[in-house]
Amino acid sequence: QVQLVESGGGLVQPGGSLSLSCAASGSIFSINVMGWYRQAPGKQRELVAAITSGGSTNYADSVKGRFTISRDNAKNRVYLQMNSLKPEDTAVYYCYSNINRGRAGVGDYWGQGTQVTVSS
């Protein structure tokens, strides 16, 4: 079994900052891509940022220059630093990992989601 547990999130005023953290645990041989998706009410889930095991990153155009993704491979953790937050960043943020479980194969895993609300 694999579990992704997110922390962080909450309510912040426009222009403020928040940090999200996600820890993967369980039967893990290695982790390929880790990332963050978000889903706002009435909208589809979208990629926010992703990072490979080698440190290559990919960001949605809407967050470039404001959000920074990083990871700690030794701790199986991924982080998202969000600065200059806007009301349109309000969404449930989901941690994502593509995990190699050895004999159990490779699969996609998701966290339970954490709410980020940007409002004055």
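**Close-up views of a predicted model**

A search of the whole structure, a predicted model, finds one disulfide.

**View 1. The disulfide between Cys22 and Cys95.** The S to S distance is 2.1 Å. The torsion about the S-S bond is about -80°, so this disulfide is left-handed. Cys22 belongs to strand S3 (residues 18–26) and Cys95 to strand S9. The bond links distant parts of the chain, with the two cysteines 73 residues apart. Cys22 is buried, at a relative accessible area of 0%. Cys95 is buried as well, with 0% relative accessibility.

**View 2. Tyr37 paired with Tyr96.** The whole structure holds three aromatic pairs. In one of them, the rings of Tyr37 and Tyr96 meet edge-to-face. Their centres are 5.8 Å apart, and the planes lie at 70° to each other. Tyr37 sits in strand S4 (residues 30–39), Tyr96 in strand S9. Along the chain, 59 residues separate the two. Tyr37 has a relative accessible area of 22% and is partly exposed. Tyr96 has 13%, below the 20% cut-off, so Tyr96 is buried.

**View 3. Tyr37 paired with Trp110.** This aromatic pair is also edge-to-face. Centre to centre, the distance is 5.0 Å; the angle between the planes is 65°. Strand S4 supplies Tyr37, and strand S10 (residues 106–110) supplies Trp110. The pair links distant parts of the chain, 73 residues apart. Trp110 is partly exposed, at 37% relative accessibility. Ring pairs join Tyr37, Tyr96 and Trp110 into a cluster.

**View 4. Arg45 over the rings of Tyr94 and Trp110.** The charged end of Arg45 sits over the ring of Tyr94, 3.7 Å from the ring centre. That charged end also sits over the ring of Trp110, at 4.8 Å from the centre. Trp110 thus appears in two settings: it pairs with Tyr37, and its ring lies under the charged end of Arg45.

**View 5. Ser97 and its contacts.** Ser97 is part of strand S9 (residues 91–100). Its relative accessibility is 0%, so Ser97 counts as buried. Leaving aside residues up to four places away in sequence, Ser97 touches Leu4, Ile31, Val33, Met34, Gly107, Asp108 and Tyr109. Strand S9 also carries Cys95 of the disulfide and Tyr96 of the first ring pair shown.

Methods
Residues are numbered from 1 along each chain as its sequence is written. This is a predicted model: local features need pLDDT of at least 70, side-chain atom pairs count only at pLDDT 80 or more; totals for chains, interfaces and linings use all residues. Side-chain values use heavy atoms; hydrogens and water are left out. Helices (H or I, at least four residues) and strands (E, at least two) are DSSP runs, numbered from the N terminus. Buried means under 20% relative accessible area, exposed over 50%, partly exposed in between (1.4 Å probe, protein chains only). Contact means heavy atoms within 4.5 Å. Rings of Phe, Tyr and Trp (its six-membered ring) pair if their centres lie within 6.5 Å; planes under 30 degrees apart count as stacked, over 60 as edge-to-face and the rest as tilted. A charge sits over a ring if NZ of Lys or CZ of Arg is within 6 Å of the ring centre and within 35 degrees of the ring normal. A disulfide is a pair of cysteine sulfur atoms within 2.5 Å.
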